[in-house]
Amino acid sequence: MVEESCEGLEAIDLTINGGTIDVTASDDGLNAAGSAVDGGFGTAGADTLTVNGGTLTVNASGDGLDSNGALTINGGTVYVSGPTGDGNGTFDCDGVFTINGGVVLGTGSSGMLKTPTTDSKQNTISVSCTGSAGDTVEVKGADGNTLVSAVAPKNFTNVTFSTPDITEGETYTVYVNGTEAANETCSGVVSGATGMGSFGGGPGNMGGQAPNGGMGGQMPNGNSDGTTPPEMPSGDSGMTPPNGNGGTPPQMPGNTSDT
């Protein structure tokens with residue numbers, strides 16, 4: 001157990017094959033970086049972060065799982081909480097991100113959201129869903145059975161989950177403190193919110209045109225040259241997380257107050 005750290009675990013190649021690992025970090029939880037073949041910012045290197053088994057629980061203020069190369073989850077149980085700021089992501093890599101097995105639950109911000117590629121072997125769903133530190137997040141299938149559940153130690157605006165039981169055509173519901181907060185029907189390998197791809201180009205990626213007025217696209221309600229700033233929306237842009245009773249799932253590590 002790593003109770004306090006800047007970056008919890010860091011190496012050129014990180015492979016988790018089993019055991020129970022709890023990491024709390026003020027920056028990245030797990031970071032694969034530092035290889036001689038490291039392309040630098042925005043370019044995939046030779047670094048790898050692979051989870052094959054065990055139980056991995058990460059509470060990070062920076063990226064939860066970060067790789068300067070490939071990020072692969074083949075098995076095990078993975079809980080990731082954080083970050084709260086939009087400058088980092090629950091999952092981040094410069095190479096290919098695949099989920100091929102295991103049980104995965106990530107709660108964090110949505111500004112740098114990254115979802116697996118469609119060549120993953122297991123279905124993943126990502127939804128916009130707001131909650132507070134200490135809230136219980138639970139995912140249920142259409143039959144009412146719980147697929148994965150955990151207590152999130154940080155505020156979140158996105159929930160990403162993947163289990164072997166997610167099948168195409170079925171609808172899955174996210175509950176926060178026992179109250180329905182979001183639902184999504186599995187339409188393929190990756191369903192729901194679309195995360196950023198690897199840097200360097202492609203739809204929605206850094207270097208290509210981003211949708212909805214994002215980086216590289218036209219500014220909303222204004223000129224693309226920035227001479228007329230967009231009008232700020234009226235009203236409270238936040239969401240009030242629902243209340244309710246959510247059972248007793250595993251507690252993610254770290255202080256339940258938002259950092």
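## The sheet

In this predicted model, an open sheet of 7 strands runs in the order 3-6-9-12-16-13-19, with mixed pairing. Strands here are DSSP runs of E, at least two residues, numbered from the N terminus, and two of them pair if DSSP finds at least two bridges between them. Strand 3 (20-25) and strand 19 (190-192) sit at the edges with a single partner strand each, so one side of each has no neighbour in the sheet. From one strand to the next, the twist averages 15°, with axes being lines fitted to C-alpha atoms and angles running from 0 to 180 degrees between N-to-C directions.

Now for one pairing inside the sheet. Strand 13 (residues 124-131) and strand 16 (residues 156-162) run antiparallel, joined by 6 bridges. Ser126 has Thr160 of strand 16 as its bridge partner.

## Two cores

The largest nonpolar core (buried Ala, Val, Leu, Ile, Met, Phe, Trp, Tyr and Cys joined through side-chain atoms within 4.5 Å; buried is under 20% relative accessible area with a 1.4 Å probe, protein chains only) has 20 residues. Leu30, Leu65, Ile73, Val78 and Phe91 have the most contacts inside it. Strand 6 gives the most to this core, with 3 residues.

Apart from that core lies another, of 19 residues, including Val148, Phe156, Ile166 and Tyr172.

## Ground rules

Residues are numbered from 1 along each chain as its sequence is written. Local features need pLDDT of at least 70 and side-chain atom pairs 80 or more, while totals for chains, interfaces and linings use all residues, and side-chain values use heavy atoms, leaving out hydrogens and water.

Key: Buried means under 20% relative accessible area, exposed over 50%, partly exposed in between (1.4 Å probe, protein chains only). Helices (H or I, at least four residues) and strands (E, at least two) are DSSP runs, numbered from the N terminus.
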